[in-house]
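Trainee: Please pick one part of this model and go through it closely. Start with the surface of the whole chain, then work inward, and give the cut-offs as you go.

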Amino acid sequence: MQSGLYVVGTPIGNLSDMSPRAIEVLKGVDFVAAEDTRVFAKLANHFDIKTKCVSCHEHNEKKVVDSIIEKIQNGAAVATVSDAGMPGISDPGFRIVRAARVAGVPVFMVPGATAAISALVLSGFPTDRFTFCGFFDEKKLHDDNKIRHTIIYYESPNRIMSTIAAFAKVMPERQIAIVREITKIHEETIIGYPADLMRIEPPRGEIVIVVAPAPDKKMTDSEISEIVNEIAVGSTKSSAEMLAARAGISKKEAYKRLVKGK
């Protein structure tokens, strides 16, 4: 094989999604840099891939990348894989690609499934503009609400119900899709407003959350008044920020509403 770095996508659940080219590349390279050698061993055994495998994960990536690039410069063909899906998408991989680009060695793409994009398509929400925010962080949710187009998050099943509750407080007017177990036997997409989804059974498995774009139409005065009554006013400033985010109005207008409500 031609010397270079091969970024190889692997299945996110269903092994039947493994492409013939991915198998060919993984069999043909000199060695594979894997996020978890034990996970890759299961994949390799299934497809009879006997290529040498080395560990390259988020905790040792910085240390081993230079060695891998040096081997490529000396004529080696190296593949990089994550535990599932495309390397570099909330998984190790981008550092080795960046280092390869800096070193001027060839980089080849062997595409595969990506949970974020698969969930986006399954949601039925607009795909012309979207932002992938990685793993959900509640501390950033108010800032994320400034993104008015489609948003995608990864989330743990252990936190999903508290995450839905957070959406109910900050983005009550935006529908969300809970997409779980993509390509697996229990694949499911649940769509609704956060307040409604708070009553569902806690979803299990690998979860992607897709948030619909913010509605163009602002809330009515009565709807805003209901939110004002719900908010436990600590400082008027913080409450105004919360009201502005939830109702789609300016902070100045939110402040006036809160003062009037008092």
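Mentor: The protein chain has an accessible surface of about 14,100 Å², and carbon and sulfur atoms hold 51% of it. Such areas come from the Shrake-Rupley method with a 1.4 Å probe, and for residues only the protein chains shown count as cover. The model is predicted, with local features requiring pLDDT of at least 70 and side-chain atom pairs pLDDT 80 or more, while totals for chains, interfaces and linings use all residues. Residues are numbered from 1 along each chain as its sequence is written, and side-chain values use heavy atoms, with hydrogens and water left out.

Of the 262 residues in the protein chain, 44% are buried. Buried means under 20% relative accessible area, exposed means over 50%, and partly exposed lies in between, with a 1.4 Å probe and protein chains only. The secondary structure consists of eleven helices and ten strands. Both are DSSP runs numbered from the N terminus, helices being H or I with at least four residues and strands E with at least two. Among contacts with a separation of 6 or more, 65% join residues 24 or more positions apart; contact means heavy atoms within 4.5 Å.

The part to look at closely is helix H5, residues 115-123. Its buried residues are Ala115, Ala116, Ala119, Leu120 and Ser123. These five lie on the same side of H5, because they cover an arc of only 135° around the axis. The arc is that of the directions from the helix axis to the C-beta atoms. As general background, an α-helix has 3.6 residues a turn, so residues three or four places apart point the same way.

The cover over the buried residues of H5 includes strands S6 (130-135), S7 (150-155) and S10 (207-211), along with S8 and S9. Ile117, also in H5, is partly exposed at 38% relative accessibility. With Val121 and Phe130, Ile117 forms a nonpolar surface patch of about 260 Å² of accessible area together. Patches consist of residues with over 30% relative accessible area and no salt bridge; like charges are joined within 9 Å, and nonpolar side chains (Val, Leu, Ile, Met, Phe, Trp, Tyr) within 5 Å. Just after H5, Gly124 has a positive phi of about 80°.

Ile89 lies in the loop between S4 and helix H4 (94-103). From Ala115, Ile89 is 26 residues away in sequence and 9.2 Å away in space, C-alpha to C-alpha. Ile89 is partly exposed, at 33% relative accessible area. Apart from neighbours within four places in sequence, Ile89 contacts Thr114, Phe132 and Tyr154.

Two of the strands that cover H5 also frame a loop with unusual backbone angles. Generally, most residues other than glycine have a negative phi. Glu181, in the loop between S8 (176-180) and S9 (188-192), has a positive phi of about 50° although it is not a glycine. Thr183 lies in the loop between S8 and S9 as well, and its phi is positive too, near 75°. Glu181 is buried at 14% relative accessible area, whereas Thr183 is partly exposed at 22%.

Glu181 also has a charged partner: its side chain meets that of Lys184 in a salt bridge, 3.5 Å from N to O. Lys184 is partly exposed at 31% relative accessibility. A salt bridge is a side-chain nitrogen of Lys or Arg within 4 Å of a carboxyl oxygen of Asp or Glu. The structure holds seven of them. Another joins Arg38 and Asp36 at 3.2 Å, N to O, with Arg38 exposed at 63% and Asp36 buried at 18%.

For the interior as a whole, the largest nonpolar core has 19 residues, of which Val8, Leu26 and Phe40 touch the most other members. Strand S1 (4-8), helix H1 (20-28), strand S2 (31-34), helix H2 (37-46) and strand S4 (77-81) each give two or more residues to this core. H1 gives the most, with four. A further core of 18 residues lies apart from it and includes Ile151, Val170, Met171 and Ile209. A nonpolar core is a set of buried Ala, Val, Leu, Ile, Met, Phe, Trp, Tyr and Cys residues joined through side-chain atoms within 4.5 Å.
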